[in-house]
Amino acid sequence: REAEGFRLHLSSKGRTGYKGVCLHTNSGRYEATIRLSGIRHSLGDYGTAVEAAVAYARQMAMSLSEQDQVQAVLQELVTKVARAERAAAVEQKRARQAAAVERKRSRQQQGEEKQVRAVLEELVTKVANMTSRAAERQRGRQEAAAAEQERKVARLEALEVKAVVRALVSQVSRKEEEEERGRRQVAAVLAGVIAKVISKDKTAGQYRRKQVKVVLDGVIGKVVKAAADEANAAAAAAAAVEEE
């Protein structure tokens, strides 16, 4: 049933036959009431039950419209929240992907750094080994040069010693020759003396010749012994120098 463009809400429970309409027996008027969110609201008193029912229907239509609006707003909010959640999920996914990419890049970078460090350590080790071998070769060359220098010095010293020995031997030889000439001269002088003595005294000549000969032999022996001692000393000195 409709009235004034509103669909009336019928009820079999009340005496008026309309939902939300009650009759006040004292005044004989009809009151329209509505319950919203658990609270009872009065819509006014009316002369007829139909007027009260129309007021109730009007208020219900308004409430339904408000509820629809609220529902639409809520739906829009739900939609926005869902979109925001989806956007947040997408952003979180992107963030997780970016974090995974960053972790992967960090691991790659760490691996590359480890490789670089390993290469550098290997290079440092090789350079150290090369430096050590070069130092050993340098020490070997220096030692070889020092040994060669020592050999040269030894050869020079040996040559000098040989030259000294030759000079000493030459001096000894010259001295021996001079001593030999001296002995000959002494023998000649003594022979002349003996001849003069013999020519002056022929009687005692034989006896004196023997004495002179003894004296001459002693003198010559001393001269020869002194010359031999000097020659032996010079030879020993030359041998000692050559051994050094």
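In this predicted model, a good place to start is the surface, where Val116, Val119, Leu120 and Leu123 together make a nonpolar patch of about 350 Å². One of these residues, Val119, is found in helix α1, which covers residues 49-200. Val119 counts as partly exposed, because its relative accessible area is 44% and that class runs between the 20% limit for buried and the 50% limit for exposed.

Stepping back to the whole protein chain, there are 2 helices and 5 strands. Read along the sequence, these elements follow the pattern β-β-β-β-β-α-α, with the strands coming before the helices. Of the 244 residues in the protein chain, 12% count as buried. The chain exposes about 18,900 Å², and carbon and sulfur atoms supply 56% of that area. As for contacts with a separation of 6 or more, 37% of them are accounted for by residues 24 or more positions apart.

Next comes the interior. The largest nonpolar core has 12 residues, namely Ala3, Leu8, Tyr18, Val21, Tyr30, Ala32, Ala49, Ala52, Ala53, Val54, Ala55 and Ala57. Two elements, β4 (29-36) and α1, each give two or more residues to this core. Helix α1 gives the most, with 6 residues. So helix α1 turns up in both settings: Val119 of the surface patch is found there, and this helix is also the top contributor to the core.

Val54, one of the core residues, is worth a closer look. Leaving aside residues up to four places away in sequence, Val54 touches Ala3, Glu4, Phe6 and Leu8. Among these partners, Ala3 and Leu8 belong to the core as well.

Glu4, another partner of Val54, lies in the loop between β1 (2-3) and β2 (6-7). Glu4 is exposed, because its relative accessible area of 60% is over the 50% cut-off. The backbone is a bit unusual here too: phi of Glu4 is near 55°, a positive value in a residue other than glycine. Most residues other than glycine have a negative phi.

A second case of this kind is Ser37, with phi also near 55° and again positive in a residue other than glycine. Ser37 has its place in the loop between β4 and β5 (39-46). With a relative accessible area of 80%, Ser37 counts as exposed. Both Glu4 and Ser37, then, sit in loops between strands.

Note on methods. Residues are numbered from 1 along each chain as its sequence is written. This is a predicted model: local features need pLDDT of at least 70, side-chain atom pairs count only at pLDDT 80 or more; totals for chains, interfaces and linings use all residues. Side-chain values use heavy atoms; hydrogens and water are left out. Patches are made of residues with over 30% relative accessible area and no salt bridge: like charges are joined within 9 Å, nonpolar side chains (Val, Leu, Ile, Met, Phe, Trp, Tyr) within 5 Å. Accessible areas come from the Shrake-Rupley method with a 1.4 Å probe; for residues, only the protein chains shown count as cover. A salt bridge is a side-chain nitrogen of Lys or Arg within 4 Å of a carboxyl oxygen of Asp or Glu. Helices (H or I, at least four residues) and strands (E, at least two) are DSSP runs, numbered from the N terminus. Buried means under 20% relative accessible area, exposed over 50%, partly exposed in between (1.4 Å probe, protein chains only). A nonpolar core is a set of buried Ala, Val, Leu, Ile, Met, Phe, Trp, Tyr and Cys residues joined through side-chain atoms within 4.5 Å. Contact means heavy atoms within 4.5 Å.
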